[in-house]
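The following paragraphs lead the reader through a protein structure, passing from its cores to its sheets and then to individual loop residues. The sequence and the coordinates should be kept in view throughout.

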Amino acid sequence: MRKQITAALACMVLATAVCPVQANATEKIQKVNVKFHIEGYDEDGYPEITAENSSGHYSVGSVELESETTDQDDDDFTTMKKKSAAEENYVVELSADDGYAFYLTKASQVKLQGAGAEYVKASRLDSGTTLRLIVKLTDLEDVCTAISDASWNSDGTARWEASTNAVQYQLTLTKNSSSKIYFTGGTTYDFKPVMQAAGDYRLRVRPISRSGDKAEGAEAGTFSVSREMAAEYRAKYAVETEKRTIEGMDETNGPGTTEVIYKNTGWKQDDHGWWYQNNDGSYIQYNWVELNGAWYFFGSDGYMVSNTTVHWGPDDYYFGEDGKMVKNMTVPDGRKAGADGVLAGKVKDSSKTNSMSGDEEEDYSNSGPAFAKKTEKSAGPASE
């Protein structure tokens, strides 16, 4: 009997040593929650993304472009179509804590937040201790890069470096303690029309993304306007106004009974073409404008484009003889303009595509009609 008890105890000890199932059981992680943050873009224009988890038992690694973590031949890169940041796939790996492993079989078990994150694929690695997530981050183009360089030219124009994903630039011009704000889609701007008084003018440039997010900007320093320069600018760009009594009222009725009439602003034409002067003296530069229900586009030189295709962001738009953006019709190169003006279809006759992409030395934003700033309604070329 003593031998039988001893043998039984030995078997129990051996079983416990060989199969410690209950003591070291692996806990299952069946749900994950990852939140992404857009930090901006680096100097090469690549997005800087971070991720964090909002539940325990696992940690989140760095976020990388899938194309940079996949082995590809050089030939593959030369034949691949360039993708925007929002079209790329991004990879992040989750590491389970000791004693835990990932057991996920459905996309619904992966919750993503921030940066417009969308689930693409998940893979279990290293016996489930690592989860490799592939996602798209659709809101990347809502954040633009900061700019660090802006400067004045001697002719009263300013220039600055381009910002990735900027749809326009906010230009704050300050003289003494008074500031005014202007907008453009290009990386240069002629300030002569609004510097008609002698003095020192300071400029700050800030890029703005599609969502309205403003990145860090740059100071261009000071531009000094002499009395002679101011007189020259006034002679060319001065705005003429006139006060008129509103019909049915007289000056005895108090404030608000008169109106200011701008006599020489709006559409103008010279030997180079049509341009549009605002009531503050400035003119539209590399930007869209809606006038009397029609969309027009002005180049960096301030002149309206016509019989021309403008590439803006991912889309093309066509402007007819009168300068208006065409809608719901076929343009000369064979493509069809939709209700929003965007050209669709294949080019049938490239010889009839007269494109304007701008000065090679200048970079432009990727906005479109929906993001343009409206100005005063006025008659235009078609009414002349």
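Strands, as the term is used here, are DSSP runs of E with at least two residues, numbered from the N terminus. By that numbering, N328 lies in the loop between β24 (315-319) and β25. The model is a predicted one, and the description of N328 is resumed below with the other loop residues.

The nonpolar interior offers a convenient starting point. In soluble globular proteins, nonpolar side chains tend to be buried together. Here the largest nonpolar core comprises 28 residues, and those with the most contacts inside it are V32, F36, L94, F102 and L137. At least two residues of this core come from each of β2 (32-41), β3 (47-53), β4 (58-65), β5 (89-96), β7 (110-113) and β9 (130-137). The surroundings of L137 can be listed: with residues up to four places away in sequence not counted, L137 touches F36, I49, A86, Y90, A115, G116 and A117. Another core lies apart from this one; its 25 residues include C144, A166, L173 and V205.

L173 leads to strand β12 (residues 168-175). Because 7 of its 8 residues are buried, β12 is largely enclosed by the rest of the structure. Strand β12 pairs with β15 (residues 199-208) in the antiparallel sense over 8 bridges, and in this pairing Q168 stands opposite I208. Strand β12 also pairs with β13 (residues 178-184), again in the antiparallel sense, over 7 bridges; here L173 faces K180 as its opposite residue in β13. The hairpin of β12 and β13 has 2 residues between the strands, and in this hairpin N176 takes a positive phi near 60 degrees.

Two open sheets may be considered next. One has 3 strands in the order β10-β11-β14, with antiparallel pairing. Its edges are formed by β10 (150-152) and β14 (188-190), each of which has a single partner strand, so one side of each is left without a neighbour in the sheet. From one strand to the next, the twist averages 15 degrees. Between β10 and β11 (residues 157-160) there are 3 bridges in the antiparallel sense, and W152 stands opposite A158 in β11. The other open sheet likewise has 3 strands, ordered β25-β26-β27 with antiparallel pairing. Its edge strands are β25 (329-330) and β27 (343-344), each pairing on one side only. Strand β26 (residues 336-337) is joined to the antiparallel β27 by 2 bridges, and K336 stands opposite A344.

Finally, three loop residues deserve attention. Is Q285, in the loop between β20 (273-277) and β21 (287-291), buried or exposed? With a relative accessibility of 3%, Q285 counts as buried, since the cut-off for that class is under 20%. Neighbours within four places in sequence aside, Q285 is in contact with T184, G185, T188, Y189, D190, F298, G299 and S300.

The remaining two are described by backbone angle and accessibility. Most residues other than glycine have a negative phi. D126, in the loop between β8 (117-125) and β9, has a positive phi near 55 degrees. D126 is also exposed, its relative accessible area being 54%. N328, whose loop was located above between β24 and β25, has a positive phi near 50 degrees. At 52% relative accessibility, N328 counts as exposed, because that class begins over 50%.

Notes. Residues numbered from 1 in each chain as written. Predicted model: local features only at pLDDT ≥ 70, side-chain atom pairs only at ≥ 80, totals over all residues. Heavy atoms only, no water. Buried < 20%, exposed > 50% of the residue type's maximum accessible area, 1.4 Å probe, protein only. Contact = heavy atoms within 4.5 Å. Pairing = 2+ DSSP bridges. Helix = DSSP H or I, 4+ residues; strand = E, 2+ residues; numbered from the N terminus. Core = buried A, V, L, I, M, F, W, Y, C linked by side-chain atoms within 4.5 Å. Axes fitted to C-alpha atoms, helices over the stretch in contact; angles between N-to-C directions.
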